[in-house]
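Here's a short set of exercises to work through with the model open. Try each task yourself before you read the solution.

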Amino acid sequence: MTATVPATSTSSQSAQLPELITHYIDGAQLPSSAGETFEVLTPATNEVYCHGAAGQADDIELAVRAAERAFLGPWSSLPARARATILMRFADAIEARDGRLAELEAFDTGLPISQARGQAKRAAENFRFFADLIVGLNEDAFGVPGQQVNYVNRRPVGVAGLITPWNTPFMLETWKLAPALAAGCTVVLKPAEWSPLSASLLGEIAEQAGLPPGVLNIVHGIGEQAGDALVKHPRVPLISFTGETTTGQLIARNSADNLKGLSMELGGKSPCVIFADADLDAALDSAIFQIFSLNGERCTAGSRMLVQRSVYQEVLDRLQKRAAAVRVGSPADDRTELGALIHPEHYARVTDYVRVGQAEGARLLVGGHRPDHLPVGNFLSATVFADVTPAMRIFQEEIFGPVLCVTPFDTEEEAVALANDTRYGLAGYIWTADLSRAHTMAARIDSGMLWINSHNVRDLRTPFGGVKASGLGREGGRHSIDFYTESRIVHVNIGTVHVPRFGMGDEAS
Ligand code: NAD
């Protein structure tokens, strides 16, 4: 990073911001080798507040070489405790920047500052969790009495390529960085080009934590350039990607020639099923928070609410009242519940879905417009559509904004069919007092993660990921370590070796 300029937007009057967000390669802050840059906007006003270094294949090559050197020298072979000690210091350094991180994240992504504050805490926890996990990790061993002992010898795969989206950038970057580094991989991270600001702190955090140069490398840039070069690099054996399903499909195709290990956390259109016997207060609190917090830009949001018909009208009435009262405002304002969507392109996409929903015949219950008091920036009022049917695009497609689609159902059978009637399968939520029904539904809904009578709360040990078009593979807990390491089996004979004796002629029998 170079000089800083004061932020001019309402989002963060006090923030000192870089003029150029640089790469971090081999412990140094660098511009792009070709000198190219891209514009970075603040969503509250859409002003260009700085530029990012636009990485190309040359910058990726530089970063991969640094990561290869650091892998051997000797990050990959350090004792787990030595790596964990550095990761713990990483967590401390993140927490020490709690306020600054939240300020930058709110300014750069449009997330309400009160919600951005939680991101730093979660990011620090990612490092502490995987530091603990790697120290406590034990391996499988298999005894075959009198014959063999077999044991697993695990080793880090090599240079991991990490590609992340813009919705909760810092949290998602650390969600990948922490297990990769704990496992002994070195990394090249390509952050999303719409939200590069908070990642610009990672270099100084790494230095403060004592991370050796080259272990963590960051190359900023456009997905089709820097991201593409990382995916196609022959000496990057792993890609952990979070983003849109169509991008994930392209990355899978581009990884095929090099047979890369892939972890894909993709889009969602998750059902929130509310039965008439549910605790409606709790169900509504959770459903409303989930779709309108993080600006509705949450991969696991219950964006399709399925409601049993006998309580349908009551739920619509309550939704209408609550959604109309959701406070839309400046991301920098502590009272804001719904901030500014990330980028004018995304804003156009989300608002277009509002028009599509109306044209398809869904009933716009509340919202769907720019609030009068926010004439500039990517602001949309909390929006609810009722009477949405599976034939509609707004039922099928991920909107990734503060737009809730509500559909009535009569029977459990119908609820399962509706829940599964999309190509996605990331998360699901079931609200009912009948536990037997809840478990039956949980087994039948096609999703990687399911919550029963619960808000979206995760323990970091649990597997995270989706089925169908929502992803490939699992991260979280040991699943992450499995991804970043190769488990190799060693077979040891401890008895007499009985081998058929070829080439011995008649003597063999
Ligand atoms: P995106 O797919 O547009 O971009 C994600 C990242 O991929 C960015 O860094 C981008 O630069 C890069 N990229 C784009 N094209 C590329 C290419 N050809 N090769 C390599 N890299 C490329 O996604 P987005 O719009 O940033 O994020 C929103 C999406 O992410 C939503 O669909 C959301 O559901 C999903 N998401 C999923 C999860 C999950 O855990 N399942 C979590 C958060 C977000």
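**Exercise 1. Find out which element gives the largest share of the shell around the ligand.**

Solution. Helix H7 does, with four residues, the largest share of the shell. Keep in mind that this is a predicted model.

Step one: locate the elements. H7 covers residues 223-232, and it is joined by strand E13 (238-242) and helix H8 (245-255); each of these supplies at least two residues of the shell.

Step two: look at the whole shell. It has 30 residues, and the closest to the ligand are Lys190, Glu193, Thr247, Leu266 and Glu398.

Step three: sort the shell by class. You should get 15 nonpolar, nine polar and six charged residues.

**Exercise 2. Trace polar atoms that lie close to oxygen atoms of the ligand, and say how much of the ligand the protein buries.**

Solution. Start with the side chains. A polar side-chain atom of lysine 190 sits 2.7 Å from a ligand oxygen. For glutamate 193, the distance from a side-chain N or O atom to an oxygen of the ligand is 2.5 Å.

Next, check the backbone. At threonine 164, a backbone N or O atom lies 2.8 Å from an oxygen atom of the ligand.

Finally, turn to the area. The ligand taken alone exposes 850 Å², and the protein buries 94% of that.

**Exercise 3. Work out how many cavities of 30 Å³ or more the structure holds, and describe their linings.**

Solution. There are two such cavities.

Take the largest cavity, with a volume of about 70 Å³. Of its 14 lining residues, Gly268, Arg298, Ser303, Glu398 and Phe400 come closest to the centre. By class, the lining has six nonpolar, five polar and three charged residues. Notice Glu398 in that list: it also turned up among the residues closest to the ligand.

Now move to the second largest cavity, which holds about 50 Å³ of space. Its lining has 13 residues, with Pro271, Ala419, Tyr424, Gly425 and Asp446 nearest the centre. Here the split is five nonpolar, five polar and three charged.

**Exercise 4. Follow the pairing of strand E7, then do the same for E8 and E9.**

Solution. Begin with E7 (residues 47-53). Strand E3 (residues 20-21) pairs with E7 in the parallel sense over two bridges, and isoleucine 21 has glycine 52 as its bridge partner there.

E7 also pairs with strand E6 (residues 37-42), this time antiparallel and over six bridges. Threonine 42 stands opposite glutamate 47 in E7. E6 and E7 make a hairpin with four residues in between, and asparagine 46 in the turn has a positive phi of about 65 degrees.

On to E8 (residues 141-144) and E9 (residues 148-156). These run antiparallel and are joined by four bridges; phenylalanine 142 has asparagine 150 in E9 as its partner. Three residues separate the two strands of this hairpin, and glycine 146 in the turn has a positive phi of about 75 degrees.

**Exercise 5. Which two residues does a cis peptide bond join, and where does leucine 259 have its place?**

Solution. First, the peptide bond: glycine 73 and proline 74 are joined in cis, with omega about -10 degrees. Proline 74 is in the loop between helix H1 (57-72) and helix H2 (80-96).

Second, leucine 259. You'll find it in the loop between H8 and strand E14 (261-265). Although leucine 259 is not a glycine, its phi is positive, about 45 degrees.

Note on methods
Residues numbered from 1 in each chain as written. Predicted model: local features only at pLDDT ≥ 70, side-chain atom pairs only at ≥ 80, totals over all residues. Heavy atoms only, no water. 1 Å grid on protein atoms, 1.4 Å probe; cavity = no way out; pocket = protein on both sides within 12 Å on 5 of 7 lines; lining within 4 Å. Points joined across faces, edges and corners; volume = space filled by probe spheres on them. Nonpolar A, V, L, I, M, F, W, Y, C, P; charged D, E, K, R; others polar. Near = heavy atom within 4 Å. Polar contact = N/O pair within 3.5 Å; in protein donor to acceptor, adjacent residues only side chain to side chain. Areas by Shrake-Rupley, 256 points an atom, 1.4 Å probe, with all protein chains shown as cover. Pairing = 2+ DSSP bridges.
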